[in-house]
Amino acid sequence: MTGGERIVVTHGVKVVKRFRWSMAHRLTHGYTGRCASLHGHEYEVGVTISGSMDKMGLVVDFGDVKKVCGGWIKEHLDHTTIVCEDDTPLLAFLQDEGQRHYSVPFNTTAENIAVHLRTKMQSALDEGLDTPLQVESITLMETPNSCVETP
Ligand SMILES: [Zn+2]
């Protein structure tokens, strides 16, 4: 390499954006620990995104990720109860009382929520932005010390 040239990395740079929200849940499917009782968490998700870098040096504008991914979380999950469709007593209560809720076909473990979020964050990016972007992984913090990661 001669003087003045430099290697410009334009591939493999990943963007990570974090979001926090409050949500209640309880575990079902035969779970008998403390988390079988309805309780809440301040969840935090990290969305890791890849794509090609533009001439400006951006994979994606953080503000655009906030708009589409953060917007989806705020609309669907923030200050809701996430409830399994099979948990009919809780679902009936939430519906009867007009409580914000988000029903899903799975036990509401952090693992399942993270896998679900991976799909939803990809859809939010695909539908909300023109740039082709890939969700590489999701990290979901259920508490400051308890985190799950998707591939
Ligand atoms: Zn919990």
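**Entry 1: S5 and its partners**

I looked up Gly46 first and found its bridge partner in S5, Thr139. The model is a predicted one. I then took the whole pairing of S2 with S5, residues 134–143. These strands pair in the antiparallel sense, over seven bridges. In the same pair, Ile49 stands opposite Val135 of S5.

I followed S5 onward to S6. A hairpin of two residues joins S5 to S6. The two strands run antiparallel and share four bridges. One bridge that I noted sets Thr143 against Ser146 of S6.

**Entry 2: the other side of the S2 pairing**

Which strand pairs with S2 over twelve bridges? I found S1, residues 14–25, paired with S2, residues 39–50, in the antiparallel sense. I checked His25 and found His39 of S2 opposite. S2 therefore has bridges recorded in my notes to S1 and to S5, under the rule that two strands pair if there are at least two bridges between them.

**Entry 3: helix H3**

I turned to H3, residues 110–128. The helix has 19 residues and reaches 25 Å from first C-alpha to last. That is close to the 27 Å expected at 1.5 Å a residue.

Which residues of H3 are buried? I listed Ile113, Ala114, Leu117, Arg118, Met121, Ala124 and Leu125. They cover an arc of only 150° around the axis, so they sit on the same side of H3. On the other side I found Thr119 and Glu127 exposed.

What do the buried residues of H3 pack against? I noted S2, H1 (62–76), S3 (80–84), S5 and S6 (146–149).

**Entry 4: the core**

I went to the largest nonpolar core, which has 25 residues. Val45, Val47, Cys69, Leu117, Met121, Ile138 and Leu140 have the most contacts inside it. S1, S2, H1, S3, H3 and S5 each give two or more residues to this core. H3 gives the most, with six residues.

I picked Met121 for a closer look. Leaving aside neighbours within four places in sequence, I found Met121 in contact with Val47, Cys69, Val135 and Ile138. Val135 is also the residue that Ile49 stands opposite.

**Entry 5: Val59**

Is Val59 buried or exposed? I first placed Val59 in the loop between S2 and H1. Val59 has 20 other C-beta atoms within 10 Å, so I logged it as buried. The cut-off for buried is 20 or more.

I then looked up the contacts of Val59, leaving aside neighbours within four places in sequence. They are Val13, Val15, Ile49, Ser50, Gly51 and Met53. I also took a distance to Thr131. Val59 and Thr131 lie 72 residues apart in sequence, but their C-alpha atoms are 8.8 Å apart in space.

**Entry 6: two histidines with positive phi**

I checked His29 in the loop between S1 and S2. Phi of His29 is near 60°, a positive value in a residue other than glycine. His29 has 12 other C-beta atoms within 10 Å, so I logged it as exposed.

Where does His79 lie? I found His79 in the loop between H1 and S3. Its phi is near 55°, again positive in a residue other than glycine. His79 is exposed, because 12 other C-beta atoms lie within 10 Å. The cut-off for exposed is 12 or fewer.

Definitions and conventions. Residues are numbered from 1 along each chain as its sequence is written. This is a predicted model: local features need pLDDT of at least 70, side-chain atom pairs count only at pLDDT 80 or more; totals for chains, interfaces and linings use all residues. The expected span of a helix is 1.5 Å times one less than its number of residues. The arc is that of the directions from the helix axis to the C-beta atoms. Two residues are in contact if their C-beta atoms, placed from the backbone, lie within 7 Å. A nonpolar core is a set of buried Ala, Val, Leu, Ile, Met, Phe, Trp, Tyr and Cys residues joined through C-beta atoms within 7 Å.
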